[in-house]
Amino acid sequence: MLQGCPCSGLLFAAVSDPILRAQVKAAGDQYLLKACADDLGHAFRALRSLRPMADLFLRVAKKSNLKLKPTKCVLIICEEATPSLQFKVRRWLMEAIPSFCNVKIMNVGVYLGFAVGPRAGTMQWAAPVAKWRSRAEAISSSGATSWVASKLYCTRAAPVLTYKC
């Protein structure tokens, strides 16, 4: 099927729904799943809960050729991700789930454009503030009259800071 085909969304939903239901069943009540299109967010109470999910992803990949890309995945740890802790988690992954050993281990990740995790606070606004600053500086240096500059600021720069609200 080609991207842009009118049936793509319907077929994706038909294929992904049983997979999502199987994920909920595999993890039980020790977990939270959020899904939007092909982006998945999982929250586990313990690292060992990742094992049944990994088994499910591997079974799905064999049957459907829908593959998880561990290098695009982020394992967010809700305590300080010190090098020592990252090493321990990586070692556990290599022993328990070798196919997942390339995930990023961090205190923050981005899901659907929002920073999540214990270190998300400062990261959440970094990109919007940088974009706002860039647009405000461009307006300032444009040589526009104050009336035009104020209109540009209100329509081009200020709205950037409301995207994440």
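A salt bridge is a side-chain nitrogen of Lys or Arg within 4 Å of a carboxyl oxygen of Asp or Glu. The close-up views below are taken from a predicted model, in which two salt bridges are present.

**Salt bridge between aspartate 55 and arginine 51 in helix H2.** The closest N and O atoms of aspartate 55 and arginine 51 are 3.2 Å apart, and this distance qualifies as a salt bridge because the cut-off is 4 Å. The two residues are separated by about one helical turn, because they stand four residues apart in helix H2. Aspartate 55 counts as partly exposed, because its relative accessibility is 27%. Arginine 51 is likewise partly exposed, with a relative accessible area of 33%.

**Salt bridge between arginine 21 and aspartate 17 in helix H1.** The side chains meet at 2.8 Å, N to O. Side chains of opposite charge can pair when their charged atoms come close. Because the partners are four residues apart in helix H1, about one helical turn separates arginine 21 from aspartate 17. Arginine 21 is exposed, at 58% relative accessibility, whereas aspartate 17 is partly exposed, at 34%.

**The largest nonpolar core and the elements that contribute to it.** This core holds 20 residues, among which Val89, Leu93, Phe100, Val103 and Ile105 touch the most other members. Two or more residues each come from helix H1 (8-27), strand S1 (31-36), helix H2 (50-64) and helix H3 (83-96). H2 makes the greatest contribution, with six residues. In soluble globular proteins, nonpolar side chains tend to be buried together.

**Surroundings of phenylalanine 100.** Phenylalanine 100 is one of the core residues that touch the most other members. When residues up to four places away in sequence are left aside, its contacts are Leu50, Ala54, Phe57, Leu68, Pro70 and Leu93.

**Leucine 75 in strand S3 and its neighbours.** Leucine 75 belongs to strand S3, which covers residues 74-76. This leucine counts as buried, because its relative accessibility is 16% and the limit for burial is under 20%. Apart from residues up to four places away in sequence, leucine 75 touches Leu47, Val89, Leu93, Val103, Lys104, Ile105 and Met106. Glycine 117 lies 42 residues from leucine 75 in sequence, and their C-alpha atoms are 9.8 Å apart.

**The antiparallel hairpin of strands S1 and S2.** S1 and strand S2 (residues 39-44) are paired in the antiparallel sense over six bridges. Within this pairing, lysine 34 stands opposite glycine 41 in S2, and cysteine 36 stands opposite aspartate 39 in S2. Two residues lie between the strands of the hairpin, in which alanine 37 adopts a positive phi near 55°.

**A nonpolar surface patch formed by Leu112, Phe114 and Val116.** Together the three residues present about 230 Å² of accessible area. Leucine 112 is located in the loop between strand S5 (109-111) and strand S6 (114-116). Its relative accessibility is 40%, so leucine 112 counts as partly exposed.

**Tryptophan 125 in the loop between helices H4 and H5.** Tryptophan 125 lies in the loop that joins the span from helix H4 (120-124) to H5. At 33% relative accessibility, this tryptophan is partly exposed. Leucine 161 is 36 residues away from tryptophan 125 in sequence, with a C-alpha to C-alpha distance of 8.3 Å.

**Proline 128 in helix H5.** Helix H5 spans residues 126-140 and includes proline 128. Proline 128 counts as buried, because its relative accessible area is 8%. Between proline 128 and alanine 35 there are 24 Å from C-alpha to C-alpha, at a sequence separation of 93 residues.

Definitions and conventions. Residues numbered from 1 in each chain as written. Predicted model: local features only at pLDDT ≥ 70, side-chain atom pairs only at ≥ 80, totals over all residues. Heavy atoms only, no water. Core = buried A, V, L, I, M, F, W, Y, C linked by side-chain atoms within 4.5 Å. Buried < 20%, exposed > 50% of the residue type's maximum accessible area, 1.4 Å probe, protein only. Contact = heavy atoms within 4.5 Å. Patch = residues over 30% accessible without salt bridge, like charges linked within 9 Å, V, L, I, M, F, W, Y side chains within 5 Å. Areas by Shrake-Rupley, 256 points an atom, 1.4 Å probe, with all protein chains shown as cover. Pairing = 2+ DSSP bridges.
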